[in-house]
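Here are some exercises to work through with the structure open beside you. Try each task before you read its solution.

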Amino acid sequence: AGSAAAFAPSSMMKTSSTSLKAAEDLVGALPPVGFFDPLGFAEKADENTMKRYREAELTHGRVSMLAVIGFLVGEKVEGSSFLFDASIKGPAISHLGQVPEGFWAILLIAIGATEQFRAEKGWVDPSEVPVDQPGLLKADYVAGDLGFDPLGLKPEDPEEFMIMQTKELQNGRLAMLAAAGFLAQELADGKGIVEHLQSM
């Protein structure tokens, strides 16, 4: 990789080192590992691409945190929930296939509305984006900051905000691993996660 870099245009090398430095300063890099990028995505990314990566990481982390809660709660309240006449049973990976068809329409509308709101908040209107910069985020947009804080938890102090962002990222990363583990375990033996925990 080093010898190939010698033949790269200087502007490309400058952009790469600048984006790598910006990536190393991103929230979420903690000791002892620091900035963790074993596949070298940051080396090939410009600043906007790094913002998109962070937006994707936050979004997937948030969805995974909800998924982990859904796995545990959905299986724990099995047979006793007021939802769907308490008829949803078995491992969580089989629950979506058991819900009535009308639920899918509600779910699709809710996800679509959320994604539309997120796109309008963070992305530049596609009609105003140069052809060579698809998915351009707004310059003043902080990845993941959708302005949704009904409990008023967002700190005013920038340093405290960075600490909270790091906590969210770490919890999201853990949740992504946990959700993947839950899926793999339930696919492997057809037993629910709660059932596994109770049999320990």
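A nonpolar core is a set of buried Ala, Val, Leu, Ile, Met, Phe, Trp, Tyr and Cys residues joined through side-chain atoms within 4.5 Å. Buried means under 20% relative accessible area, exposed means over 50%, and partly exposed lies in between (1.4 Å probe, protein chains only).

A word on the source: this is a predicted model, where local features need pLDDT of at least 70 and side-chain atom pairs count only at pLDDT 80 or more, while totals for chains, interfaces and linings use all residues. Residues are numbered from 1 along each chain as its sequence is written, and side-chain values use heavy atoms, with hydrogens and water left out.

**Exercise 1. Get the lie of the chain.**
Work out how many helices and strands the chain has.

*Solution.* Start with the elements, which are DSSP runs numbered from the N terminus: helices are H or I with at least four residues, strands are E with at least two. The chain has six helices and zero strands, so reading from the N terminus gives α-α-α-α-α-α. Next, look at burial: of the 200 residues, 24% are buried. The exposed area of the chain is about 13,900 Å², with 66% of it from carbon and sulfur atoms (Shrake-Rupley method, 1.4 Å probe; for residues, only the protein chains shown count as cover). Finally, take contacts, meaning heavy atoms within 4.5 Å. Among those with a separation of 6 or more, 58% are between residues 24 or more positions apart.

**Exercise 2. Find the core.**
Which residues make up the largest nonpolar core?

*Solution.* Seven residues belong to this core: Val68, Phe71, Ala92, Ala175, Ala179, Phe182 and Ile193. H3 and H5 are the elements that give two or more residues to the core, and H5 has the largest share with three. As background, nonpolar side chains in soluble globular proteins tend to be buried together.

Now zoom in on Ala175, which is found in helix H5. Ala175 counts as buried because its relative accessible area is 8%. Leaving out residues up to four places away in sequence, Ala175 touches Gly61, Ser64, Met65 and Val68. Val68 is 107 residues from Ala175 along the chain, yet their C-alpha atoms are separated by 6.6 Å.

Then try Ile193. With the same sequence neighbours left out (up to four places away), Ile193 touches Phe71, Leu72, Glu75, Phe182, Gln185 and Glu186.

**Exercise 3. Hunt for empty space.**
How many cavities of 30 Å³ or more does a search of the whole structure find?

*Solution.* First, the idea: rolling a probe the size of a water molecule over the atoms shows where empty space is left. On a 1 Å grid over the protein atoms alone, a cavity is a set of points where a 1.4 Å probe fits but cannot get out; a pocket is an open set with protein on both sides within 12 Å along at least five of seven lines; lining residues have an atom within 4 Å of a point. Grid points are joined across faces, edges and corners, and a volume is the space filled by probe spheres set on the points.

The search finds one cavity, and the largest cavity holds about 30 Å³. Its lining is Glu57, Leu58, Gly61, Arg62, Met65, Glu168, Leu169, Gly172, Arg173 and Met176. Helix H3 (47-76) and helix H5 (158-189) each supply at least two of these residues. By type, the lining has four nonpolar, two polar and four charged residues (nonpolar: Ala, Val, Leu, Ile, Met, Phe, Trp, Tyr, Cys and Pro; charged: Asp, Glu, Lys and Arg; polar: the others, Gly among them).

Move on to the second largest pocket, with about 630 Å³ of space. Of its 22 lining residues, Phe35, Phe36, Asp37, Glu57 and Arg173 are the closest to the centre. H3 gives the most to this lining, with four residues. The split here is 15 nonpolar, three polar and four charged.

**Exercise 4. Check the loops.**
Where is Asp140, and is Asp140 buried or exposed?

*Solution.* Asp140 sits in the loop between helix H4 (101-122) and H5. Asp140 is exposed because its relative accessible area is 68%.

Compare Pro100, in the loop between H3 and H4. Pro100 is partly exposed, at 43% relative accessible area.

Last, visit Pro32, in the loop between helix H2 (10-24) and H3. Pro31 and Pro32 are joined by a cis peptide bond, with omega about 5°.
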